[in-house]
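I opened this model to look up how its strands pair, how its last helix is covered, and where its backbone does something unusual. My notes follow in the order in which I looked.

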Amino acid sequence: VKIEDVEGRVEEVGFRSTRIRTLADSVVAMPNARCAEAKIDNFGARRHRRIAATLSLTQDTPIARLQAFVEGVRAVISAHPKTLKDEFEVHLSSLGAHSLDVMLHCYVETTTWSEELALKHDLHVQILRVAQALGVRFAFPTRTLHVETLANPGAHGPALADPAEDR
């Protein structure tokens, strides 16, 4: 559950307070009066788990390969036995500063976090296989520096002083 800023498993509901074991393995005792007034997000009641990712491809990816990659990722989701077939999106979503960003949004049929992680792992490995088969590379932040040399420095402003002349 998530109650206010506390997220974890409910261990005990007592007369005065509810004990929640957090993901950091600490225990938070929350007064029941606060629980009664707060919005409670019950993660355990979910029927599906959402997987969302941004798949950043290098900017030099040819359009045909980009489209083949998107179609390949869609095929992976469509073929996976644990994905919802009518609720997924895979699209070029952004022309980023360092990459071509492909948005992935799908749901997997599971009610446990452990299985969610295993399904996410499986989907990501299959997506990596699609990228490898197509020769598509994933991007990381980069900068390109263009250095111009001037044939006539005086034409574009004052020439830079020679550091040796200052001695």
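**Strand pairing.** I began with strand β7 (residues 89-95), which runs antiparallel to β8 and is joined to it by six bridges. The model is a predicted one, and I read every entry below with that in mind. To fix the register of this pair I looked for the partner of histidine 91, and found that histidine 91 is bridged to methionine 103 in β8. Between β7 and β8 I counted the connection as well: four residues separate the two strands, which form a hairpin.

I then turned to the other neighbour I had noted for β8 (residues 100-108), namely strand β6 (residues 49-57), and found nine bridges between these two antiparallel strands. Here the register can be read from alanine 53, whose bridge partner in β8 is leucine 104.

**Helix α3.** Next I checked the length of helix α3 (residues 113-134): its 22 residues, at 1.5 Å a residue, should span 32 Å, and the C-alpha atoms at its ends are 32 Å apart, so the expected and modelled spans agree.

Which residues of α3 are buried? I listed Glu116, Leu119, Leu123, Ile127, Val130 and Ala131. They cover an arc of only 115 degrees around the axis, and therefore lie on the same side of α3. The general rule fits this kind of reading, because an α-helix has 3.6 residues a turn and residues three or four places apart point the same way.

What covers these buried residues? The cover includes β6, α2 (63-79) and β8, so I noted that β6 and β8, the strands joined by nine bridges, both belong to the cover of the buried residues of α3. On the face turned away from the buried side I found the exposed residues Ser114, His121, Arg129, Gln132 and Ala133. Just after the helix, glycine 135 takes a positive phi of about 75 degrees.

**Positive phi outside glycine.** I looked for this next, since most residues other than glycine have a negative phi. Glutamate 4, which is not a glycine, has a positive phi of about 55 degrees, and its place is in the loop between β1 (2-3) and β2 (6-13). Its relative accessibility is 41%, and glutamate 4 therefore counts as partly exposed.

Aspartate 25 also has a positive phi, near 75 degrees, without being a glycine, and I found aspartate 25 in the loop between β3 (17-22) and β4 (27-31). At 54% relative accessibility, aspartate 25 counts as exposed, because the cut-off for that class is over 50%.

**Whole protein.** I finished with the overall figures. The protein has three helices and eight strands, and their order along the sequence is β-β-β-β-α-β-β-α-β-β-α. For the overall dimensions, I noted that the radius of gyration is 26 Å, whereas a compact globule of 167 residues would have one near 15 Å, and that the C-alpha trace spans about 85 × 50 × 25 Å along its principal axes.

Buried residues make up 27% of the 167 residues. The exposed area of the protein is about 11900 Å², of which carbon and sulfur atoms supply 53%. My last entry concerns contacts: among those with a separation of 6 or more, 57% are between residues 24 or more positions apart.

Technical notes
Residues numbered from 1 in each chain as written. Predicted model: local features only at pLDDT ≥ 70, side-chain atom pairs only at ≥ 80, totals over all residues. Heavy atoms only, no water. Pairing = 2+ DSSP bridges. Expected span 1.5 Å × (residues − 1). Buried < 20%, exposed > 50% of the residue type's maximum accessible area, 1.4 Å probe, protein only. Arc of directions from axis to C-beta. Contact = heavy atoms within 4.5 Å. Rg over C-alpha atoms; globule rule 2.2 N^0.38 Å. Areas by Shrake-Rupley, 256 points an atom, 1.4 Å probe, with all protein chains shown as cover.
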